[in-house]
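Subject: Structure handover

Hello,

Here is the structure we talked about. Please open it first, then read my notes below.

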Amino acid sequence: MTDEIVVIEGDGIGREVVPAAVDVLESLDLDFEFVAAEAGDATKAATGEALPAETYERAADADATLFGAAGETAADVILPLREAVDSFVNVRPAKAFPGVDALRPETDVVFLRENTEGVYSGHEDRLSEDLSTLTRVVTSSASRELAEYACDFVEDGRGPAGDPDEGFTIAHKANVMRETDGRFRDEVAAVADERGVDADEELMDAFATKLPLDPGQYGVIVCPNLAGDVLSDLAAGLVGGLGLLPSANVGHDNGLFEPVHGTAPDIAGEGVANPTAAVLSAAMLLEYLGHVEEGQRVRDAVEGVLSDGPRTGDLGGSATTDEVTAAIVDRL
Ligand code: ATP
Ligand code: MG
C-alpha cells in the first residue's frame, strides 16, 4: 500500500534540509507518494496565511508529514499542524554521535513529552492592568495515553538501552503542583504498574541538575508538556546542539516529523546546512510507518558519515548539504 507523505519545507534552511531528507527516503525504493505543501513566512507573504487550509487538510489526511522549519510564523504553523495530525506525544531523542564534540558524550536519552495540554493548552487571560493568569490543564486520559505509549516504547525495546527492564523515568513537579502534576504522576505511574513496566520519578528541578551531571543514568524520560520542552532542549545542549536532533509528533494514525532546529537565518540559502536532523527525522518517520529496518539503515548511514565525514561547517567541516546527503545515500 502506498503511504502518502506530505512534505512541507517551510522557510530558511527547511528549503535545503527537507529536500535532502526526501532524497534519502527516495533512495530506499519504498512505496511512498510525496505531496508538496506550503507553510511559513514566505507562504504568509504570498497568500496572507502562514498555514493555508489546504496544507492543514493535506497533513491531516496523510500518513505522515515531513516538516522543515518556519520563521516568525512558527507558532501559527507548527501548533495547528500538531493538531492536524492529532499528536499526543512529542518524541525527542538526544544522543551523542561518534566524531561529534559533545559536552556529555555518554548521553543517550529519549524524551516522551505530553503534546496537547499542561501550560500549552493556550488558556491565558488578562484579568486587570496588574493581573494575567494561565490555566494549566491536565487530564487523566491524556496522561494515561502518554503512559501507554511510553510502556509500548520501552516494551518494544525502542528505549536507548533497548532493554525493557530499564523502564522509564517520570519527571514532574508534583510536590508543588499537587493537583495537576500530582494527577499526571499518579496516572502515568498507575499505567506503568498495570503494564508491569518499571517507572521511577524525579522532581524536574533536581532532574535538571542530575541530567547534565550524569546523563548515563537515564534512558526514557516521560514529562508534562512544558517540562519536556525545556528539559529536551537541555539534553540537546549535552550532545552538541541543534543541527543533529530530530523529533516526532506522534498521533493515532498520523505523525509530523521535524528537525529540532529552526530556520537558521544566518546560513540559509548558502547550501551549507547540516541535513542530519532532517534525515534522522525521516528515519523516525520510516519507523513510524513500520519500516523499522530501513529506519535503522538510515541511522547507521548518518552515523557513519558523522564519524568519517564529509562534514558541514557546524561540525568543523567544509562540505555542502548536497555533499553530505550524497555521502549518506552512498552508504545506503
Ligand atoms: P528560528 O527563529 O527559526 O529558530 P534561530 O535563529 O533560532 O531561528 P536556529 O535554526 O534555531 O536559528 O539555529 C540556531 C543556530 O544553530 C544558528 O546559528 C544556526 O546556524 C545553527 N544551526 C541550526 N540548525 C543547523 C543546521 N541544520 N546546520 C547548521 N547549523 C545549524
Ligand atoms: Mg531557534
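Helices and strands here are DSSP runs, numbered from the N terminus; a helix is H or I with at least four residues, and a strand is E with at least two. Keep in mind that this is a predicted model.

With that numbering, start at Asp86. Asp86 sits in the loop between helix 4 (74-84) and strand 4 (89-95). Its phi is near 60°, a positive value in a residue other than glycine. Is Asp86 buried or exposed, or something in between? Asp86 is partly exposed, because its relative accessibility is 43% and the partly exposed class lies between 20% and 50%.

Asp29 makes a good companion. Asp29 also has a positive phi, of about 60°, and is not a glycine. Its place is the loop between helix 1 (14-26) and strand 2. Asp29 has a relative accessible area of 72%, so it counts as exposed.

Now the sheet. It is open and has 10 strands, with mixed pairing. The order is 2-1-3-12-11-4-5-10-8-9. Which strands stand at the edges? They are strand 2 (32-37) and strand 9 (199-203). Each has a single partner strand, so one side of each has no neighbour in the sheet. On average, neighbouring strands are turned by 25° against each other, direction ignored.

Strands of a sheet pair through backbone hydrogen bonds, and they do so either parallel or antiparallel. Both kinds turn up here.

Look at strand 9 first. Strand 9 pairs with strand 8 in the parallel sense, over 5 bridges. Within this part of the sheet, Ala171 stands opposite Glu202 of strand 9.

Then move to strand 12. Two pairings are worth tracing:

- Strand 3 (residues 64-69) runs parallel to strand 12, and 2 bridges join them. Leu66 has Phe257 of strand 12 as its bridge partner.
- Strand 11 (residues 246-250) pairs with strand 12 in the antiparallel sense, over 5 bridges. Val250 has Gly255 of strand 12 as its bridge partner.

What joins strand 11 to strand 12? A hairpin does, through 4 residues.

How many residues of strand 12 (residues 255-259) are buried? The count is 5 of the 5, so strand 12 is largely enclosed by the rest of the structure. In a regular strand, side chains alternate between the two faces of the sheet. Both faces of strand 12 are covered. Gly255, Phe257 and Pro259 are buried on one side. Leu256 and Glu258 are buried on the other.

Next, ligand 1. There are 13 residues around it. Which come nearest? They are Gly262, Thr263, Ala264, Asp266 and Asn274. By class, the shell holds 6 nonpolar, 5 polar and 2 charged residues.

Three polar contacts are easy to find in the viewer:

- His261 uses its side chain: an N or O atom there is 3.3 Å from a nitrogen atom of ligand 1.
- Thr263 uses its backbone: an N or O atom there lies 2.7 Å from an oxygen atom of ligand 1.
- Asn274 also uses its backbone: an N or O atom there lies 2.9 Å from a nitrogen atom of ligand 1.

On its own, ligand 1 has 610 Å² of accessible area, and the protein covers 64% of that.

Some other spots to check:

Leu231 lies in helix 8 (residues 225-238). Leu231 counts as buried because its relative accessibility is 6%, and the limit for buried is under 20%. Leu231 and Ala208 are 23 residues apart in sequence, but 6.9 Å apart in space, C-alpha to C-alpha.

Gly157 is in the loop between helix 5 (140-155) and strand 8 (168-172). Its relative accessibility is 28%, so Gly157 counts as partly exposed. From Gly157 to Gly167 is 10 residues in sequence and 9.8 Å in space, C-alpha to C-alpha.

Where does a cis peptide bond occur? The bond from Gly309 to Pro310 is cis, with omega near 0°. Pro310 is in the loop between helix 10 (292-308) and helix 11 (321-331).

Over to you.

Best wishes

How values were computed:
Residues numbered from 1 in each chain as written. Chains lettered and ligands numbered in written order. Predicted model: local features only at pLDDT ≥ 70, side-chain atom pairs only at ≥ 80, totals over all residues. Heavy atoms only, no water. Near = heavy atom within 4 Å. Polar contact = N/O pair within 3.5 Å; in protein donor to acceptor, adjacent residues only side chain to side chain. Areas by Shrake-Rupley, 256 points an atom, 1.4 Å probe, with all protein chains shown as cover. Nonpolar A, V, L, I, M, F, W, Y, C, P; charged D, E, K, R; others polar. Buried < 20%, exposed > 50% of the residue type's maximum accessible area, 1.4 Å probe, protein only. Pairing = 2+ DSSP bridges. Axes fitted to C-alpha atoms, helices over the stretch in contact; angles between N-to-C directions.
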